Amino acid sequence: MATHKLLLLPGDGIGPEVMREVEKIVGWFRKRGVGFETETDLVGGAAYDAHGASISEAAMDRAQQADAVLFGAVGGAKWDSVPYAVRPEAGLLRLRKELGLFANLRPAICYPALADASSLKREVVEGLDIMIVRELTGGVYFGEPKEIVTLEDGSQRAIDTQLYHTHEVERIARVAFDLARKRRNKVSSAEKMNVMKTGVFWRQTVTRIHKAEFSDVELEHVLADNCAMQLVRWPKQFDVIVTDNLFGDILSDIAAMLTGSLGMLPSASLGAEDPATGQRKALYEPVHGSAPDIAGKGLANPIAMIGSFGMALRYSFGLLDEADRLDKAIANVLASGTRTKDIAAPGTNPVGTQDVGDAIVKELEALS
Ligand code: NAD
Ligand code: IPM
Ligand code: MN
């Protein structure tokens, strides 16, 4: 039996709370004979407190060795004034960059039971199934220079650099077109070509790849600000949205609310396929952060984290039946009304983080 090596990085705030629920799910699959081996390490503020860095070299090595990394969340007020280079979020950015996780898949699916949990009208979100493909290792997150400079007159100037190379846009475009072929065959590419050179370049590059390799897929270009508006106006017009690192960050938080809560949105961060082994480096992370306002209270919705593990089953381990069963268990639990506060139906009693994990395990059992 193949053994899958998972590195768990719970992080800060609600990260450890939602990771605990994933461990229950992993434990259940293990009991059923799926070979999972887990290790746990520190990241974010927790790593800073222990090592003075947002991720240790040892944890980076473990991440490089793992078949998949499961990442909780990092950050919190406690670390707001630590040096910029070692802030909690730097640990996540280092993982993405050094593991080469350029493709971030953020599916926004509105479960039937949650069509009323969204702040938008039922008919706008019911049945929604879109995929945001966010470029994750380039753009303004990593471009140099990135600095605050003090000028001769004592005033300051701040610079971030939005930078993309041909191969970076080409490879993320290919990921989006490939995914679209397995879905509804449409890609919407979002940039700001009306004000940014990187936007002009993005549009040209995506158009060229489309023409040369994917002319069977429908392609449309949309300005990123309009894309944000269209996402709340009529999100079902989209299938796959491909966009850069910063726009992808923002558009995916918007998409989260279409599904009912930021606590619902999972994601997969994938590297390039190794031609020798067919394997790719991968990290699975909910789209939400450490949620300091609810941390430590047992209120967090663990479904984004559990759904991220479901994406690991699908994309790293090829365990498609198991992934489908987990999705079904989540859908059934939501339909039964077992929900945390962020998605509870009006007039019902919300349950805690652990109750949702327990209910999903129970439902997995019932589905077997
Ligand atoms: P956040 O995502 O942590 O929280 C935004 C809002 O959504 C809060 O009201 C929170 O309670 C709610 N929320 C988030 N996840 C939830 C869940 N699972 N269940 C129920 N409600 C949930 O964003 P923020 O408040 O802007 O950021 C807090 C910290 O998290 C910052 O330090 C930020 O940098 C960090 N952050 C980390 C990640 C990550 O680790 N991947 C992602 C985003 C933000
Ligand atoms: C996300 C987060 C991260 C990002 C932060 C924590 C660095 O907001 O994954 O959406 O901006 O990419
Ligand atoms: Mn974000």
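Which helices and strands do the buried residues of α4 pack against? The views below show this and more. This is a predicted model, in which local features need pLDDT of at least 70, side-chain atom pairs count only at pLDDT 80 or more, and totals for chains, interfaces and linings use all residues. Residues are numbered from 1 along each chain as its sequence is written, while chains are lettered from A and ligands numbered from 1 in the order in which they are written.

**View 1. Helix α4 and its buried residues.** Helix α4 spans residues 88-98 (helices are DSSP runs of H or I, at least four residues; strands are runs of E, at least two; both are numbered from the N terminus). Its buried residues are Pro88, Gly91, Leu92, Leu95 and Arg96. Buried means that 20 or more other C-beta atoms, placed from the backbone, lie within 10 Å of a residue's own. Seen down the axis, these residues fall within an arc of 130° (taken from the directions from the helix axis to the C-beta atoms), so they line one face of α4. An α-helix has 3.6 residues a turn, so residues three or four places apart point the same way. The buried residues pack against α2 (45-51), α3 (57-65), β3 (68-73), β11 (268-273) and β12 (280-284). After α4 comes glycine 100, with a positive phi near 70°.

**View 2. Helices α8 and α9.** The axes of α8 (residues 224-233) and α9 (residues 245-258) come within 10 Å and cross at roughly 10°. That makes α8 roughly parallel to α9 (an angle under 35 degrees). Ala224, Cys227, Ala228, Leu231 and Val232 in α8 meet Phe247, Leu251, Ile254 and Ala255 in α9 (C-beta atoms, placed from the backbone, within 7 Å).

Definitions and conventions
Axes are lines fitted to C-alpha atoms, for helices over the stretch in contact, and angles run from 0 to 180 degrees between N-to-C directions. Angles under 35 degrees count as roughly parallel, over 145 as roughly antiparallel, 65 to 115 as roughly perpendicular and the rest as oblique. Two residues are in contact if their C-beta atoms, placed from the backbone, lie within 7 Å. A residue is buried if 20 or more other C-beta atoms lie within 10 Å of its own, exposed if 12 or fewer, and partly exposed in between; C-beta atoms are placed from the backbone.
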